[in-house]
Amino acid sequence: MSQQGYVAAPPYSQAQPGMGGYQGGFGGGPTQPLYGHYGGPSQAFGAPPTGIMKSPVSSATGMPPPPVSSQYNPNIQQNGAHSQRYPAPPAAASPYGQPPHSPYNNMASPGPQTQQVTNQMGAMNLGNYAPMQSPPPPTSPVAQQSFQTPPPPASSLPQMPPGPQSPHMSPQMTPPQSPPSSMSMGGPPMGSHSMAGPPMVGQSMAGPPMAGQSMAGPPMAGQSMAGPPMAGQSMAGPPMAGQSMAGPPMGISFPGASPGGFQQPGPGPAGPGYPQQAGQFGGHLAGPQPGMPGSFPGASAALAGPPQKKMDPDSIPSITQVIEDDKAKYGGQVFSTNIRGQVPPLVTTDFTVQDQGNASPRFIRCTTYSLPCTTDLAKQCQVPLASIIKPFANLPKNETPLYVVNHGETGPVRCNRCKAYMCPYMQFIDGGRRFQCSFCSCVNEVPAFYFQHLDHVGRRVDFYERPELSLGSYEFAATLDYCKNNKIPNPPAFIFMIDVSYNNIKSGLVKMICDELKTLLEKLPREEGTDISAVKVGFVTYNKVLHFYNVKSALAQPQMMVVSDTAEMFVPLLDGFLVNYQESKAVIYNLLDQIPDMFADTNESETVFAPVIQAGVEAFKAAECNGKLFIFHSSMPTAEAPGKLKNRDDKKLVNTDKEKTLFQPQRGIYEQLSKECVAQGCCVDLFLFPSQYLDLATMANVPSHTGGSVYKYNNFQMETDGEHFLRDLRKDVQKSLGFDAIMRVRTSTGFRATDFYGAVHMNNTTDIEMAAVDCDKAVTVEFKHDDTLSEETGALMQCALLYTTIGGQRRLRIHNLSLNCSSQLSELYKNCETDSLINFFAKSAYHAILNQPVKNVREILVHQTAHMLACYRKNCASPSAASQLILPDAMKVFPVYMNSLMKTGPLVGSTELPTDDRTHQRLSVMGMGVEDTQLLLYPRLIPLHNLDVSSEVVPAPVRCSEERLADSGVFLLENGHSMFLWLGQASPPDLMQSIFNVPSLAHLQGQMCTLPELDNPLSKKVRSIISDLLQKRSNSMKLQIVRQRDKPEMLFRQFLVEDKGLYGGASYMDFLCYVHREIRQLLT
Ligand SMILES: [Zn+2]
């Protein structure tokens, strides 16, 4: 977790007026709470910002675009298909080592596009596409052939060399461009024209602008389509068939009184039996608020308007549609990383990445791929500039694993000044004898062993033979200089530490763990290419005292050693404690068989906890290795020992200024332990089985600073939770990971990484330390300007992670990414990535609640949302009626996510939510990547009642709202942590028969958490959908079966995030209305 950041920023130091000011002063006007990023004064929208032009973006740089390659073989990205040392990018490519390759978006950019989906209330006359303020991009006839033929170089820039794009991919992936929205609609570029149906945001055009295709409406969030057409891009063609016509930003109008939504409760989920919660922040938005009208001076007129009719929910932007559209456009295709600042497909789309000089989006995603050139612009828009880095992300089987470059004893070549590692951005000069660092401009001598001649374009002739010259991601074998104490590390160890107190024995958990370990230990992670895992294993059981086991292979029986002095923890044996599993298998089996029996009659219910972690660290110290502790623990550690805890839960603190203390860990020994663990490379994974509060904030302190995970099974019962837990354990043990990691993010001049969020530890302001980092952990890094950035050279970042592999090798993993820079805010908005933005906001807000009242944080989130959108409208959108809500295309579903975020447990401020659950979610999110936060904040709701059992396809999810459910329907909902099978009260009997083998819904037993294995196509299909999801997600999920109108349905409904929150929080519709009014205020 970051040690700095949020807290220090002025905005959090005091309550902000505005939305949050409901109870307080409203007279303050639209003061901008600056979400902790920019300490400068609030930006007024009244005066035209300097440097902002509303006109079309002109060429961003004068650099030549990369050459177009027509030699690329689309199959070449297949792993292992290369005869070369690594897959060579297209032969003609020359993007690196040259002056930074040119961004494609330099070409005749058609400026910001504005799509205005107008919802004429009442008349429902939708589809009014407002005029573009910029001309359509050049068109060319190549579009439809683009998948077969290499696109020609841009005609507008004949003097430029062609780019290195591969023909088969460029059309789908590369173009950050799109024709203007008007074209996308198939109609005339300008003016409004009517759609046959109400073209709503993210909805497919009901009336076909074109024949039978996916002109599914506006462009989607985070897509690269938003830019101008570029050279040789298919996008330059006419907007046809299924092409990704980027639409314009969208507008939704709220004729009449925009605040009207607040006069009538929105379509919330509060049905019969669901008492309306008096949510602290939701209430503001969703229901009539006493005193609210008066508090918004600018809105009073609007409030006087006619009562608003209920707005059609289909008219507001839909995440499911955005996701489906992106899948239709990019699904199954290849995304090549050869273009600077290229926005990747959404995380929800399956695509194949080919590394051609920039890190795969699986490793790094950014909130925007076009940074504003100046601090002023950044402050003005308040769009956070951040990267979400998942350095160990799993790659699909058809993508090439990272190459390991070994320079022997010399080690990697680096810049002498800034220490950046050799990468595609270094420019070789002086006949190849020197290279200039693109991060700090320092000119370095090329070491003799590394010298190579340059070709006629100034590129090293070994360009394609060296991953570090042509790829975005690769590894270096590290030399002794990079090892602790200059010694080659020992292979890591796993220690399994099982709480054998009364509760865990009684529930059968201990036996379950021991049985599982017998098979699981066969599957310990291995170094790539080896047969046997190098990981050593050790075993400890504990209650008030600790039991260590000697499982040396020479022994006939395991030996137990008890340490009862927990104040001075030590490891009573060295030899025989950490062993090779294969060698000691017989003894270990013996031990695992004996443990449940040994403690079968225990009455001990007290446990220690800190000494358990201490014992693990001591064991690693003694063995001089890194590793991971798997701790299975059930209750608050109340036994007399260091780290003893007492119940400090206090619901009265919820919604007070002291609420933050509920999230803060208790200071003291656990902090110290975290540091020790990080220093030793000891990661802690915690499996908790609590029946009541156990001060998770403190107990999870060590895991959350060591790259560990915390799993929690409330009121664990073997029958209903056993499988769920075992699936988690299996995934956790087998995850690919690195140990004793230290990460540094270097940037080119002009900006730098300032704030870091993740399950990490920081001793200084730049080095991110992780005792271990696994394939699901991501660090979110925020950047700030130091200086002005150049449109020409763009912005570079290099993430270098030094770590020890599972086999004990010391390596450096390098990820490089180049971004565009622009003095046009429209570029920034066009190249935003909503999923990444929301990851950033989730982590920064969850971090902020450690120091700020939850209410303040919510207010800031709302204000910043409004501010970002108002800035867009002010500076980038074409003029339109104030009643229209104009959203940038790439951010059109941003408000849904924001609203969902504010309704999550940590931020909602409800006394009904257990403190430990809130803390658990807070900590889990801190380590999440973009994919996980996306899913968490917008669950998948999949209709299963109309399954085509003959098809492999999973039905498209529907929007998370009660309105989408049907009495006769069956829906699967999952968000990566929870999974529900919802059965409508009129579920057809034949469906019940096929899935559950019961004649009707009424016959269904309660407490079911798996589906019976029935031999019929529907049963098989439903079960395969569920098991595929469980396989895919980083955590396992417990399947909960709920019937419509049964009490447990409450649990399910809280995930219908477009509806009013169960514990407070507005419906999406109400939130959008509220944000719209805020925007209008900001603009007046
Ligand atoms: Zn340098």
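Biologist: Which hand does the crossing of H18 and H22 have, left-handed or right-handed?

Modeller: Happy to start there: the crossing of H18 and H22 is left-handed. Please keep in mind that this is a predicted model.

Biologist: Thanks! What makes H18 oblique to H22?

Modeller: The axes of H18 (residues 834-848) and H22 (residues 915-926) cross at roughly 135° and come within 9 Å. Roughly antiparallel needs an angle over 145 degrees, and roughly perpendicular covers 65 to 115. The crossing at roughly 135° fits neither, so H18 is oblique to H22.

Biologist: Which residues of H18 and H22 meet?

Modeller: From H18 come Ala842, Lys843, Tyr846 and His847, and from H22 come Gln921, Arg922, Val925 and Met926. By class, this contact of H18 with H22 divides into 4 nonpolar, 2 polar and 2 charged residues.

Biologist: Let's stay with H18. Why is H18 called roughly parallel to H20?

Modeller: The axes of H18 and H20 (residues 894-902) cross at roughly 25° and come within 10 Å. Angles under 35 degrees count as roughly parallel, so H18 and H20 earn that label. The crossing of H18 and H20 is right-handed.

Biologist: Which residues make the contact of H18 with H20?

Modeller: H18 contributes Thr834, Asp835, Leu837, Ile838, Phe841, Ala842 and Tyr846, while H20 brings Phe894, Tyr897, Met898 and Leu901. Sorted by class, the contact of H18 with H20 has 9 nonpolar, 1 polar and 1 charged residues.

Biologist: Good. How do you know that H11 and H13 are roughly parallel to each other?

Modeller: The reasoning runs through the angle again. Helix H11 (residues 610-623) and helix H13 (residues 669-680) have axes that cross at roughly 20° and come within 10 Å. With the cut-off at under 35 degrees, H11 and H13 are therefore roughly parallel. Their crossing is left-handed.

Biologist: And which residues of H11 meet H13?

Modeller: On the H11 side they are Ala610, Ile613, Gln614, Val617, Glu618, Phe620 and Lys621. Their partners in H13 are Ile669, Tyr670, Leu673, Glu676, Cys677 and Gln680. The contact of H11 with H13 has 8 nonpolar, 2 polar and 3 charged residues.

Biologist: Now to the loops. What is the phi of Asn997?

Modeller: Phi of Asn997 is near 60°, a positive value in a residue other than glycine. Most residues other than glycine have a negative phi, so a positive one is worth pointing out. Asn997 lies in the loop between helix H24 (989-996) and helix H25 (1017-1032).

Biologist: Why does Asn997 count as partly exposed?

Modeller: Its relative accessibility is 46%. Buried needs under 20% and exposed needs over 50%, so Asn997, in between, is partly exposed.

Biologist: What makes Arg1045 exposed?

Modeller: Arg1045 has a relative accessible area of 55%. The cut-off for exposed is over 50%, so Arg1045 passes. Arg1045 also has a positive phi, about 70°, although it is not a glycine. This residue sits in the loop between strand S31 (1039-1043) and helix H26 (1049-1053).

Biologist: Finally, the chain as a whole. How many helices and strands does the chain have?

Modeller: The secondary structure comes to 27 helices and 31 strands. Of the 1084 residues in the chain, 65% are buried. The chain exposes about 35,900 Å², with carbon and sulfur atoms supplying 51% of it.

Methods. Residues are numbered from 1 along each chain as its sequence is written. This is a predicted model: local features need pLDDT of at least 70, side-chain atom pairs count only at pLDDT 80 or more; totals for chains, interfaces and linings use all residues. Side-chain values use heavy atoms; hydrogens and water are left out. Helices (H or I, at least four residues) and strands (E, at least two) are DSSP runs, numbered from the N terminus. Buried means under 20% relative accessible area, exposed over 50%, partly exposed in between (1.4 Å probe, protein chains only). Accessible areas come from the Shrake-Rupley method with a 1.4 Å probe; for residues, only the protein chains shown count as cover. Axes are lines fitted to C-alpha atoms, for helices over the stretch in contact, and angles run from 0 to 180 degrees between N-to-C directions. A crossing is left-handed if the near helix is turned anticlockwise from the far one by less than a right angle, and right-handed if clockwise. Contact means heavy atoms within 4.5 Å. Ala, Val, Leu, Ile, Met, Phe, Trp, Tyr, Cys and Pro count as nonpolar, Asp, Glu, Lys and Arg as charged, and the others, Gly among them, as polar.
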